[in-house]
Amino acid sequence: MACQSVAAVMDEQALMGLNPNADARYRQRAMAYFEQLKESHDAWEICAESLAKGIYNDDHVKFFCFQVLEHQIKFRHGGLSAAQQQLIRETLMKWLQCQLMSAQPEKPFIRNKAAQVFALTFIMEYLTLWPKFFFDVLTLVGLNPHGVDIYLRTLMAIDGEVVDRDILHSPEETRRNTLIKDAMREQCIPSLVESWFQILQTYQRSHPELTCQCLEVVGAFVSWIDLNLIANDRFVNVLLSQMSVDELREEACDCLFEIINKGMDPVDKTKLVESLCRVLQSAGFFNVEQEDDVDFLAKFSRLVNGMGQSLVLSWTKLIKSGNVKEAAETLQAVEAKVPLMLQLLVHEDDDISANIVGFCYEYLHVLKQLPQLTDQQKTNIEAVMLAIMKKLTYDDEYNFENEGEDEAMFVEYRKQLKMLLDRLAQVSPELLLEAVRRVFTNTMQTWQTSVFMEVEVAIRLLYMLGEALPASHGAHFSGDMAKTNALQDMMRTLVSCGVSGFQHSSVSLEFFETVVRYDKFFLVEPQHIPNVLMAFLDQRGLRHNSPKVRSRVAYLFSRFIKTLHKHMNAFIEDILTRIQDLLELAPPDNGFLAMLTSDDQLFMFETAGVLIVNAECPAERKQALMRSLLAPLMDAFRLLLAKLPRESEEERQAALGDCLSHAIGFVSRTSKAFSNKQTVKQCGCTEVYRECLQTFLPALSCPVQRGALRGSVRSFLHRMIICLEEEVLPFVPAASEHMLKDCEAKDLQEFIPLISQITAKFKRQVSPFLQQVFMPLVLAIFEALARPAEDNDQAAALEKQMLRRSYFCFIQTVTGSGMNEVMANQGAENIERVVFTIVQGAVDFPDPIAQKTCFIILSKLVELWDAVRMCRYSEDDSSQTGSRVHPVPAAGVSALAAGVARDLAGALSSSSAAGRQSSEDLHQGVLPASEAVGHENREVHRDWKGLVTGSGPDSPPHNKTKHTWNLA
């Protein structure tokens, strides 16, 4: 009857929603019911009773009941009565007893959840209410397989909650976990270890899955318990016997690895490792060539790696402590493992090889520290070197055209091998250089008949020498004559043997990567430049049938030309002719697949610019070459810009907009060849870029794709300010007028750096322009800030925050450039409002970056006032205390700002009168004060403080805290 009454209490319709296939209405009801049971003080008890009595057979209902119980233990345990806490303990033990009598175990996900609940109960009650937790569980479970399974899962859950260092814990939790471990060491660990031994012995054959679980538990707990409980003859013999059982040996390897990794005295660690190695070797585990199970070998390789690294660590500690005798014995133990290490390193399976790399790296580090190497150690170094060369080689299954997860793993593995090669170079650079030279030379002599893997790895080794044998600023061909001669011989062979024509993309890429890495070779032997240039320009490079090769070569060609531009004079016009078709703008409707992407073309245009700028020819010729390069872009730009507004499909508009942006970007990239305005003038290219500006500016008034086009033109203007300097100024007013029309917050945020750059660079030259654009820009900023947005729209909030910062940066640039007249001529009321926003930004604005900017602005403004005027706004006694200025309460900030602003207008006007005349030449064509933002009435009354601080009528309220402002 009790079962029936409980069943009646449970909401059966809500429970139906626990099924994953239930409809949304039932699932929502189940969620609501779950929340109800969690929050109730005693309703969860029906879940406890359901578990204890096994009322429900549905797995999802059982899981649901455990979830409710878990919530009570985890979040409300302290508030439960003693009777309720006792109910939880009884429920768990009754449920566990049911498992012992059940013919079939519960589903794994239910057992895992039950183990979590057991573990949480243990953590909450072991130190106080349930010190006999493990005694009670082990007494009940005995050696029943179902019970042992729950027991082992609970131990792993306890490890996750108490021991696992990958899980972050609060200081209080850390202290609690330490107390739990201390109590367990004193009270129950020996009993737990004995139970593990019994489980391993009992179920080795009948229940291998339980044995594996138990081995995992031993590996998890061994790091913090007394090692003598595990590292003894009877326990180790059991573990070694399981190394011979196919189902168990991988877990046994992992368990031994954890035992080896336990921190301990270096002498004891050496003895432990050596004893284990002797047993493993006598059992035949060191004969890895006879083992076919690669999964086991991967685990075994990890174990050997752990043993080797432990021995190296022991040797390091012994050397530091001055224990020479024990250190020598430990080094001997390390050397004895090298043959096994080499067998695993050269294994054809990369996972097995990768698992031993750590030991190999540490061994080479040991050799580097030795004063002199023995013949055997030199032999070991050469063996490691040959192993690395072999393992660097691609296999037949590598997919170069569609690289997936396996290919990515091999790339990472190659990086590990490179670390070994770099370490080898530190131990014996002469040996490495000679070995690479031998392999490279032999391969290049027979490259026509070799497979691509051998050719690629030979060139790769030469490439890797560049980092393994580093040189300052790539000066590999000066200094050490042995190294220089060897590298020159290999580079001479590389560029003259014809291997650049090998028909495989990996070889082609490695060839060009190596040529560019050692580009300084061509300064020493420039006679090889023509052959390499042809390789870059023909089907071996930029016209290769692989898009991946073409893309990479475009970048590498740019680097090659930058380094050797002084040697390119004889080839410039030929190169420009050969790459002309690669520089064409590819409209979206031409029907042809472009050889290079737009990103690749950026490098090509930069390369062309470098060639033209550095050509040894008259300025007129450079101008003609630059115009010839850019004129096709200008013609295509005009045609596409005229076509864009007529397109009705958004996809077509976007494609045309991208194409126009690419054209602007290509022209901008050519300007990177110039260092400053003088270079532009010397090359006679000023007029060419002026024409480009005139061509691009109409894009600002295009009604579609406005954001992309404005961004591209704005970036181009940034470049032209650097290259053309004052030549760009006549274009700025018209560009600004268009950029301020119908602009969004992001547009303004990106426009302000342009104005700031102009202001900082030209200062008083642009004063008339700034005076007229100042208030329209400020009003546009605050109009954008005032636009309402959803409360939870984080993107819009961030956009406004960045715009506010940009606004403050703009004011900082103006005040920091010494142009007082820009603000002075805005009228007292506007100055008052602007200054008020700065004051409030410094005091109230919840953004440290913006606050810092505001205080910098205020410090500049303070310099404009003399001490007498400042003291007028201080408290009356300030005049009696010298220069002391008292803090002003936040309530008086508004009045202070208004007074300061009124006084500032007069101060600024008088200080700026002398500088006005010199900047009148830019007065024509500047942006009118109201047209750009559509304000007919400049007297815009607005809560400026609210807009700056985000607390205006369109923003959520924030706490008004008291502040003080000290101008001193």
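This section describes charged contacts, cysteines, backbone angles and long-range contacts in a predicted model.

Salt bridges are considered first. The count in the model comes to 50 salt bridges. One of them joins the side chains of Asp422 and Lys418, with a nitrogen-to-oxygen distance of 2.6 Å. Both residues belong to helix H21, where they stand four residues apart, so about one helical turn separates them. Asp422 has a relative accessible area of 18% and is therefore buried, since the limit for a buried residue is under 20%. Lys418, at 23%, is partly exposed.

A second salt bridge is formed by the side chains of Arg621 and Glu573, at 2.7 Å from N to O. This pair links distant parts of the chain, as Arg621 lies in helix H31 (residues 619–643) and Glu573 in helix H29 (residues 572–578), 48 residues apart. Arg621 is partly exposed, with a relative accessible area of 33%. Glu573 also counts as partly exposed, at 41% relative accessibility.

A third salt bridge is found between the side chains of Asp747 and Arg710, where the distance from N to O is 4.0 Å. Here too the pair connects distant parts of the chain: Asp747 is in helix H37 (residues 745–762), Arg710 is in helix H35 (residues 706–724), and their positions lie 37 residues apart in the numbering. Asp747 is buried, with a relative accessible area of 15%. Arg710 is buried as well, at 3% relative accessibility. Elsewhere, Asp59, Lys62, Glu106 and Lys107 are joined into one network by salt bridges that share partners.

Charge is also found on the surface outside salt bridges. A patch of negative charge is made up of Asp395, Asp396, Glu397, Glu405 and Asp406. Within this patch, Glu397 is placed in the loop between helix H20 (375–391) and helix H21 (405–427). The relative accessible area of Glu397 is 70%, so this residue is exposed, the limit being over 50%. Helix H21, which follows this loop, is also the helix that holds the pair Asp422 and Lys418.

The cysteines were examined for disulfides. The structure holds zero disulfides. Cys65 is in no disulfide, and the nearest cysteine sulfur, that of Cys47, is 4.1 Å away. A disulfide requires two cysteine sulfur atoms within 2.5 Å, so the distance of 4.1 Å between the sulfurs of Cys65 and Cys47 does not meet the cut-off. Cys65 is buried, with a relative accessible area of 1%. Cys497, by contrast, is partly exposed, and its relative accessible area is 22%.

Two residues have backbone angles that call for comment. Most residues other than glycine have a negative phi. Glu725 is not a glycine, yet its phi is positive, at about 55°. This residue is found in the loop between H35 and helix H36 (732–739). Glu725 counts as partly exposed, at 23% relative accessibility. Asp742 likewise has a positive phi, near 50°, and is a residue other than glycine. Its place is in the loop between H36 and H37. Asp742 counts as exposed, at 58% relative accessibility. Helix H36 thus borders both loops, the one holding Glu725 and the one holding Asp742.

Finally, two pairs of residues were compared by their separation in sequence and in space. Gln369 and Val427 are 58 residues apart in sequence, while their C-alpha atoms are 8.5 Å apart. Gln369 lies in helix H19 (residues 357–369) and is partly exposed, with a relative accessible area of 42%. In the other pair, Val814 and Leu770 are separated by 44 residues in sequence and by 8.9 Å in space, C-alpha to C-alpha. Val814 is placed in helix H39 (residues 794–816). The relative accessible area of Val814 is 1%, so this residue is buried.

Note on methods: Residues numbered from 1 in each chain as written. Predicted model: local features only at pLDDT ≥ 70, side-chain atom pairs only at ≥ 80, totals over all residues. Heavy atoms only, no water. Patch = residues over 30% accessible without salt bridge, like charges linked within 9 Å, V, L, I, M, F, W, Y side chains within 5 Å. Areas by Shrake-Rupley, 256 points an atom, 1.4 Å probe, with all protein chains shown as cover. Lys, Arg positive; Asp, Glu negative; His and termini not counted. Charge placed at Lys NZ, Arg CZ, Asp CG, Glu CD. Helix = DSSP H or I, 4+ residues; strand = E, 2+ residues; numbered from the N terminus. Buried < 20%, exposed > 50% of the residue type's maximum accessible area, 1.4 Å probe, protein only.
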